[in-house]
Each structure stands twice: as structure tokens, then as C-alpha cells.
Amino acid sequence: TAESIPPELAARLVELRDQGLESRNSFELVRSLTTEVGPRFAGTPGDRAAVAWAVRTMNEIGLRNVRTEPVQVPRWVRGHESGEILAPYPQPMFLTALGGSVGTPEGGLEGEVVMVGSLEELAERAGEEIEGKIVFINQRMVRHQDGSSYGQTGLVRRSGPARAAAKGAVGVVIRSLGTGTHRFAHTGATRYEEEIPEIPAAALAIPDADLLEMQVATGKPVRFRLELGAQRFDDVESATVIGEIPGRETPEEIVLLGAHLDSWDKGTGAIDDGSGVAITLEVARMILALPEPPRRTVRVVLFANEEFGLSGARAYPQGRESEIEQHVLAMEADLGPGRVWRYRARTDEASVEDAKQLIRYLAPMGVTWSDNTAGGGPDLIPLRYMGVPMVDLRPDATYYFDYHHTDDDTLDKVDPADLAQNVASYAVVAYWAAEREGTLGRPPVEEPPEWMRSGR
Ligand code: ZN
Ligand code: ZN
């Protein structure tokens with residue numbers, strides 16, 4: 001049977017929860033980051049300003065051992081971008097380059113459009129149907145509370161351009177991975193493959209994808225012009241920013257609270273991932289305000305460049321292999337500021353009941369226990385393959401993908417009370433993990449995927 005939570009710890013959890021729900025400091029932190037820094041895409045002056053902001057803020061909060069860990073990040077500049085349907089019915093298109101895309105030749109790229117509904121359909125098309133064309137990948141994302149459609153359609157953006165290029169396409173446009181109906185496009189990283197031509201790739205705003213689809217449906221040949229001024233430069237230096245609350249008894253044991261400091265170049269990164277940055281910092285501030293620090297160390301890690309290649313996530317475990325074995329729990333907030341509704345763990349079978357008992361303190365906030373399949377967030381992927389126990393506190397992502405990776409990721413999309421409910425939820429789990437008698441058992445380690453081993 002699971003250990004029961006001793007009364008003193010239980011009282012502290014309730015205290016932290018109620019205090020978290022009341023506090024509006026987390027909203028103030030997002031306001032500060034989005035106002036004083038704004039867009040902070042990897043390698044830009046905004047990125048450097050964000051690192052300085054994080055160091056300053058961690059020091060102001062009172063975190064200890066505040067430091068930056070240098071991380072090399074790729075440098076890519078979007079430049080001018082435009083597109084239009086030339087025939088059969090000329091119309092301008094709202095679009096944006098996918099992160100990492102090559103630019104078009106001067107004056108743009110013109111071609112006939114061939115539409116496919118999915119990567120599977122692209123794979124089935126004969127090479128001669130694709131050769132020399134601009135491929136339009138028109139796969140819809142579906143609105144869902146758990147945001148799972150992003151996981152299912154993500155491959156369209158990441159691999160669609162390379163797969164179309166392998167069949168001879170000269171350019172790619174995709175339906176934005178998004179659920180909104182506004183006329184702005186959703187960016188996000190794409191990846192080219194070695195020995196396959198690198199072709200220009202852009203995302204169409206949702207209404208523009210509808211429009212292109214309807215022109216294709218006329219059965220008349222559709223011609224498209226795409227102009228992207230994107231350019232790549234040499235890698236530059238950025239940094240992951242770390243601050244700690246040293247544990248009072250076993251400081252070598254670490255509870256990691258993560259978020260990513262960078263954003264895309266378009267919005268001010270309020271929901272992705274200013275909210276996560278604010279949640280982790282505010283939880284740390286609340287724990288620091290307690291009469292004494294918890295038994296174990298709480299470490300806040302604001303990862304460099306999640307968006308454009310997981311640079312900080314890849315760098316973090318390097319040179320700290322033995323320390324990773326002392327990570328007793330890791331969590332990352334990176335699915336927006338919606339209210340937490342689902343709690344799940346990733347631990348060994350024997351500890352599942354242990355993890356589950358915490359639901360008593362989360363349930364009054366509308367959180368339900370899910371299962372033992374926590375993923376941990378993008379920056380925790382390497383740690384997942386090193387056997388670090390994890391918890392996911394999944395926010396309601398119903399509206400997250402309306403604004404995700406667009407110009408419209410701004411502060412007004414953050415509800416202060418919903419953000420505070422995240423703080424309360426994270427505070428309960430983080431403090432429990434840092435203070436309780438035992439630790440969760442380490443989950444079985446799976447073989448890491450190819451992209452992690454190859455370092456690409
Ligand atoms: Zn993110
Ligand atoms: Zn993102």
C-alpha cells in the first residue's frame with residue numbers, strides 16, 4: 001500500500017495550493033517578459049535580452065546558484081515573405097515560412113499546385129505527379145482539450161517538405177498546424193534530410209488553405225507563386241538559465257522544474273512559453289518564501305532554443321550523467337496557460353500508487369489522475385530516455401493552437417486566474433517531491449529515437 005502523506009506535509013501542500021490560486025505574480029512575470037523582452041527567437045537580440053531577463057528575475061526572486069550555461073544555437077532569419085494564387089482565380093495568400101526553410105530564388109518561385117490530404121497520400125502519389133510541382137499538404141488539425149492533434153499532425157510540418165522534395169517537388173505549402181480561423185499563419189520548425197534537395201516551405205493561414213483547396217476543387221490547374229526571403233547563418237551562442245533552491249538535507253537530489261525561454265520570432269511568446277517560464281519561477285518564489293527549504297534541491301531550468309532544434313534540451317545532460325541519476329522528478333510547463341485538468345506520472349510500477357495519492361490535493365482544482373505515461377515536455381525528452389521520473393500536469397489546450405506560433409501569441413491570451421491554477425498545481429507536486437520521505441522509482445528506460453542519437 002502507498003505511504004500516506006504525513007499531516008505536516010499535507011498541511012503545507014494545502015497552504016501552497018491556496019496561496020498559488022490567490023497569487024497573480026505569475027501573470028506579472030509573463031507581463032514583464034512579454035513587455036520588456038517580447039519575441040526571443042534563438043540567436044536574436046531578443047534571445048540575449050531574455051537570458052539577461054531570466055538571470056535578473058531569478059536573482060530578484062532569491063534563487064541561488066543562478067547561472068547561464070552556454071548553448072550553440074542555429075541562426076535563421078525569416079525575411080520578407082509573400083504568396084499568391086496566379087490561376088485560375090488570382091488572389092493574395094497569407095502565409096509564413098516554416099522555421100529553417102530555405103528562401104526562394106530572387107523574384108519568387110512559381111509552379112503548379114498538387115494537393116494531398118496527408119503524408120500517407122503524398123507517399124502514394126506517383127513521382128511524375130509531384131515532380132516540378134508545389135505540393136500543398138492540406139491536413140487539418142482537430143481541436144481537442146488535450147492538444148493531441150498537434151502530435152498527430154506535427155510530422156506534416158517537420159517532415160512534409162523533405163518528403164515532397166524526395167519526390168521531386170520544388171516547393172511546399174502546408175495548411176497551418178492550428179485550430180483558429182484567423183488570417184495568420186502558424187510557423188514552426190521543419191527539417192531537411194541529407195542528400196535530398198532543400199526546397200522552400202511555408203504554412204498557409206487556415207482561411208487561405210481553405211481558399212486554395214476550393215480553387216483546386218474547381219478542377220482547373222492552379223498556379224502558385226511563393227516568395228521567401230529566409231536565410232541561414234552560422235550558429236551563435238545562447239544560454240540555458242538555471243537557478244536553485246538548495247535542499248536542506250539531500251541537496252544532491254534534484255526536482256527539476258522546466259520551461260523554455262525562447263519563442264518564435266512572431267508573437268511575444270506569452271503562451272509559448274512565457275506562461276511556462278512564469279509558472280516555474282512563481283512556484284520557486286513560493287517555495288523560497290516557506291520557513292525552511294525542502295529536503296531536496298528544487299532546480300528551475302529555462303531551456304535555450306526549444307523551438308528551433310531543442311538545443312538546450314540536448315545540451316543539458318552533457319557532462320552531468322551522474323547528476324541525472326539524482327534527478328528524482330522532472331516537470332516541464334509548455335502547453336500554454338489553460339487550467340490544468342489532467343495529472344499523470346512516469347515512474348516504476350511500484351510507485352504508481354505513491355504518485356496517485358497526490359490527486360487528493362489536485363482534485364479540488366479540477367484535476368484528474370490519468371495514467372503512468374507522462375511524456376515530460378519537449379525539453380525533457382533526453383531525460384526521459386535516461387530514466388528520470390516525470391509528472392505531466394496537462395493544461396486545457398482547447399484554444400492553445402488557435403494562437404500557437406503566430407503573431408497573435410500575446411499577453412491578452414493569458415488568463416491570470418487560469419495561470420495561477422497552474423502555479424498551484426505545480427507547487428503541490430514540486431514541493432511534495434522535494435520534501436517527502438521517499439522518492440519515486442525510476443521508470444524503465446526505452447531506446448532513444450534516431451534523431452536523439454544522431455544529434456540532428
Ligand atoms: Zn513551447
Ligand atoms: Zn512552440
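Buried here means under 20% relative accessible area, and exposed means over 50%, with partly exposed in between. Keep that in mind for the exercises below, which all work on a predicted model.

**Exercise 1. The zinc site**

Work out which atoms coordinate the zinc ion (ligand 1), and what geometry they give.

*Solution.*
- Step 1: Start with the donors. H260 binds through NE2, D272 through OD, and D334 appears twice through OD, at 2.0 to 2.6 Å.
- Step 2: Look at the spacing along the chain, which reads H-x11-D-x61-D for the donor residues of this ion.
- Step 3: Check the angles. Four donors count as tetrahedral if all angles lie between 85 and 135 degrees. Among the 4 donor atoms of the zinc ion (ligand 1) the angles run from 54 to 148 degrees, and the site is irregular.
- Step 4: Now bring in the zinc ion (ligand 2), which lies 3.3 Å from the zinc ion (ligand 1); D272 coordinates both.
- Step 5: Place two of the donors. H260 belongs to strand β11 (residues 250–260) and D272 to helix α8 (residues 270–288), so this pair ties together parts that are 12 residues apart in sequence. H260 and D272 are both buried.

**Exercise 2. Three salt bridges**

Of the salt bridges K266–E81, E213–R175 and K356–E353, find where each partner sits and whether it is buried or partly exposed.

*Solution.*
- Step 1: K266 and E81 meet at 3.9 Å, N to O. K266 is in the loop between β11 and α8, while E81 is in strand β2 (residues 81–87), so the bridge ties together parts 185 residues apart in sequence. Both side-chain partners, K266 and E81, are buried.
- Step 2: E213 and R175 meet at 3.2 Å, N to O. Here helix α7 (residues 206–217) supplies E213 and strand β7 (residues 171–175) supplies R175, 38 residues apart. E213 is partly exposed because its relative accessibility is 23%, whereas R175 is buried at 3%.
- Step 3: K356 and E353 meet at 3.7 Å, N to O. They are 3 residues apart in helix α11 (residues 352–356), so about one helical turn separates them. K356 is partly exposed at 30% relative accessibility, and E353 is partly exposed at 46%.
- Step 4: Set these against the whole model, where the count of salt bridges comes to 39. A network of salt bridges links R67, E69, E244, R299, R320 and E323.

**Exercise 3. The nonpolar cores**

Describe the largest nonpolar core and say which helix gives the largest share of it.

*Solution.*
- Step 1: The largest core has 76 residues, and L358 is one of those with the most contacts inside it.
- Step 2: Helix α15 (residues 416–435) contributes the largest share, 12 residues.
- Step 3: Follow L358 outward. Apart from neighbours within four places in sequence, L358 touches I5, L13, Y343, V428, V429 and W432.
- Step 4: Finish with the second, separate core; its 24 residues include F41, L109, I134 and L212.

**Exercise 4. The setting of T240**

Find the element that holds T240, and the backbone atom that its side chain reaches.

*Solution.*
- Step 1: T240 is part of strand β10 (residues 231–245).
- Step 2: With a relative accessible area of 2%, T240 is buried.
- Step 3: The T240 side chain reaches the backbone nitrogen of A304 at 3.1 Å.
- Step 4: Beyond neighbours within four places in sequence, the contacts of T240 include R67, E69, V301, F303 and G312. Two of these names are familiar from Exercise 2: R67 and E69 are in the salt-bridge network.

Methods. Residues are numbered from 1 along each chain as its sequence is written. Chains are lettered from A and ligands numbered from 1 in the order in which they are written. This is a predicted model: local features need pLDDT of at least 70, side-chain atom pairs count only at pLDDT 80 or more; totals for chains, interfaces and linings use all residues. Side-chain values use heavy atoms; hydrogens and water are left out. Donors are N, O and S atoms within 2.8 Å of the metal (3.2 Å for Na, K and Ca); water is not among the atoms, so sites may look incomplete. Four donors count as tetrahedral if all angles lie between 85 and 135 degrees; four count as square planar and six as octahedral if opposite donors are over 155 degrees apart and all others between 65 and 115; anything else is irregular. Helices (H or I, at least four residues) and strands (E, at least two) are DSSP runs, numbered from the N terminus. Buried means under 20% relative accessible area, exposed over 50%, partly exposed in between (1.4 Å probe, protein chains only). A salt bridge is a side-chain nitrogen of Lys or Arg within 4 Å of a carboxyl oxygen of Asp or Glu. A nonpolar core is a set of buried Ala, Val, Leu, Ile, Met, Phe, Trp, Tyr and Cys residues joined through side-chain atoms within 4.5 Å. Contact means heavy atoms within 4.5 Å. A polar contact is a pair of N or O atoms within 3.5 Å; within protein, one must be able to donate a hydrogen and the other to accept it, and residues adjacent in sequence count only if both atoms are side-chain atoms.
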